[in-house]
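User: I would like to go through this model site by site. Please keep the answers short and show the reasoning.

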Amino acid sequence: MALMPLTAFLFQKKEENENVTDELILLINEIAAACKEIAGKVRKAGLLGVLGSAGKVNVQGEEVQKLDELANEILFQSLKNCGKVCQITSEEVEDALIVSEAGYAVAFDPLDGSSNIDVNVSIGTIFSIHKDSVMQPGREQVAAGYVIYGPSTMLVMSLGDGVVGFTLDPESGNFLLSHPKIELPEKGKIYSINEANRNKWTSEGLRWFIDYLKTEKYTQRYVGSMVADVHRTLLKGGIFIYPADEKNTNGKLRLLYEAKPMAFLIEQAGGLSSDGTQSLLDIYPHELHQRVPVIIGSRWEVEKCLEYIKEYG
Ligand code: AHM
Ligand code: MG
């Protein structure tokens with residue numbers, strides 16, 4: 001049976017979801033097109049001479065890779081020119097670009113998982129879309145999603161009424177609806193956290209929780225690309241955590257273009273998100289590049305993790 005292309009799916013959604021306007025459809029198509037271009041560059045990175053460092057650090061003090069820059073440029077230009085975007089915020093750029101007063105505001109991480117670029121491991125683009133401003137709690141997102149550049153390229157997104165996944169068909173160049181309804185299992189078997197930082201985690205309860213999961217015969221998977229780790233969590237269940245530690249006292253991941261969109265997908269798929277005290281979707285942002293501890297995944301594991309944090313700190 002033929003699978004539905006992204007644009008047809010969006011027009012069908014327009015009939016049932018009042019958030020889905022012609023402008024939003026155009027914007028999501030624009031993001032999908034930019035990500036297709038990025039996917040092409042990622043696939044040929046070793047041939048195009050775009051592997052390795054760009055020789056500079058970004059606003060967050062992190063080393064910028066050549067592909068980070070390229071992906072940022074592709075997305076920035078296409079959003080700036082599409083006529084539907086009033087504000088653009090990128091991980092790689094210090095200030096938001098204000099295009100106009102009202103419209104859609106987009107925050108994105110152009111290429112997440114920078115440390116995996118040079119070693120041919122899955123990386124991705126994450127995006128969050130609000131009306132007018134990205135400085136709102138995640139619950140107000142009209143859409144959010146990511147594109148994962150893995151063995152296949154997939155677009156996974158939510159328009160606030162569940163989570164769907166599209167696989168890029170390399171022959172037709174279309175994103176096709178391969179995953180019409182993504183739902184997290186209530187409980188999984190995998191935990192995902194950088195355990196090398198264990199001694200530096202500021203939460204004692206977290207150490208107890210991870211030890212508890214080991215006694216329950218969980219297995220560990222940690223790619224080090226949030227997109228890949230969240231993708232697996234969405235499909236298989238379990239828990240993904242990037243906690244606060246002595247070096248990153250608010251965690252490492254950024255609220256606007258990493259935590260918030262991923263929390264939206266996880267909650268829309270039936271899971272839970274938290275910073276240790278509240279849902280990641282209830283946090284009011286106060287800074288563009290604000291960091292936040294991230295606990296997301298299946299309902300059972302997230303609730304259990306929060307119980308441990310409550311009991312042991
Ligand atoms: P990036 O946006 O610069 O790639 O950083 C974010 C990435 C996430 O994809 C991933 O979850 C995390 O950093 C991994 O960090 P660490 O290497 O400290 O485990
Ligand atoms: Mg990132």
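The questions and answers below deal with a predicted model.

User: Which residues coordinate the magnesium ion (ligand 2)?

Analyst: The model is predicted, and its ion site is built from carboxylate oxygens, labelled OD or OE. Their distances to the magnesium ion (ligand 2) run from 1.9 to 2.0 Å. Along the chain the donors follow the spacing D-x2-D-x145-E. The residues are D109, D112 and E258.

User: How many residues apart are D112 and E258, and which elements hold them?

Analyst: D112 belongs to strand β5, residues 104-112. E258 belongs to helix α7, residues 255-268. The pair therefore links distant parts of the chain, and the separation is 146 residues.

User: Are D112 and E258 buried or exposed?

Analyst: A residue counts as buried when its relative accessible area is under 20%. D112 has 6%, and E258 has 1%. Because both values fall under that cut-off, D112 is buried and E258 is buried.

User: Which residues come nearest to ligand 1?

Analyst: The surroundings of ligand 1 comprise 17 residues. The elements that give two or more residues to this shell are β5 and β13 (239-242). Those that come nearest are D112, G113, Y222, M226 and Y242.

User: What is the distance from the side chain of Y222 to an oxygen atom of ligand 1?

Analyst: Several side chains place a polar atom by an oxygen of ligand 1. For E258 the distance is 3.1 Å, and for Y242 it is 2.7 Å. For an N or O atom in the side chain of Y222 it is 2.5 Å.

User: What share of ligand 1 does the protein bury?

Analyst: The space taken by ligand 1 is the largest pocket. Taken alone, ligand 1 exposes 470 Å². Of that area, the protein buries 86%.

User: Why is helix α6 described as largely enclosed by the rest of the structure?

Analyst: Helix α6 spans residues 226-236, eleven in number. The buried ones are M226, V227, A228, D229, V230, H231, R232, T233 and L234. The helix is largely enclosed because the buried count is nine of the eleven.

User: What phi does G237 take?

Analyst: G237 comes just after α6. Its phi is positive, at about 85°.

User: Where are D132 and K217, and what are their phi values?

Analyst: D132 lies in the loop between β6 (123-131) and β7 (143-149), while K217 lies in the loop between α5 (204-215) and β12 (219-220). Neither D132 nor K217 is a glycine, yet each has a positive phi. The value is about 70° for D132 and about 60° for K217.

User: Is K217 buried or exposed, and which class does D132 fall into?

Analyst: Exposed means over 50% relative accessibility, with partly exposed between that and the 20% limit for buried. K217 has 73% and therefore counts as exposed. D132 has 38%, so the class for D132 is partly exposed.

User: How far apart in space are E183 and G271?

Analyst: E183 is found in the loop between β10 (174-179) and β11 (190-192). With a relative accessibility of 53%, E183 counts as exposed. In sequence, E183 and G271 are 88 residues apart. In space, C-alpha to C-alpha, the distance is 8.2 Å.

Notes
Residues numbered from 1 in each chain as written. Chains lettered and ligands numbered in written order. Predicted model: local features only at pLDDT ≥ 70, side-chain atom pairs only at ≥ 80, totals over all residues. Heavy atoms only, no water. Donors = N, O, S within 2.8 Å, 3.2 Å for Na, K, Ca; no water. Helix = DSSP H or I, 4+ residues; strand = E, 2+ residues; numbered from the N terminus. Buried < 20%, exposed > 50% of the residue type's maximum accessible area, 1.4 Å probe, protein only. Near = heavy atom within 4 Å. Polar contact = N/O pair within 3.5 Å; in protein donor to acceptor, adjacent residues only side chain to side chain. Areas by Shrake-Rupley, 256 points an atom, 1.4 Å probe, with all protein chains shown as cover. 1 Å grid on protein atoms, 1.4 Å probe; cavity = no way out; pocket = protein on both sides within 12 Å on 5 of 7 lines; lining within 4 Å. Sits in = over half its atoms within 2 Å of the grid points.
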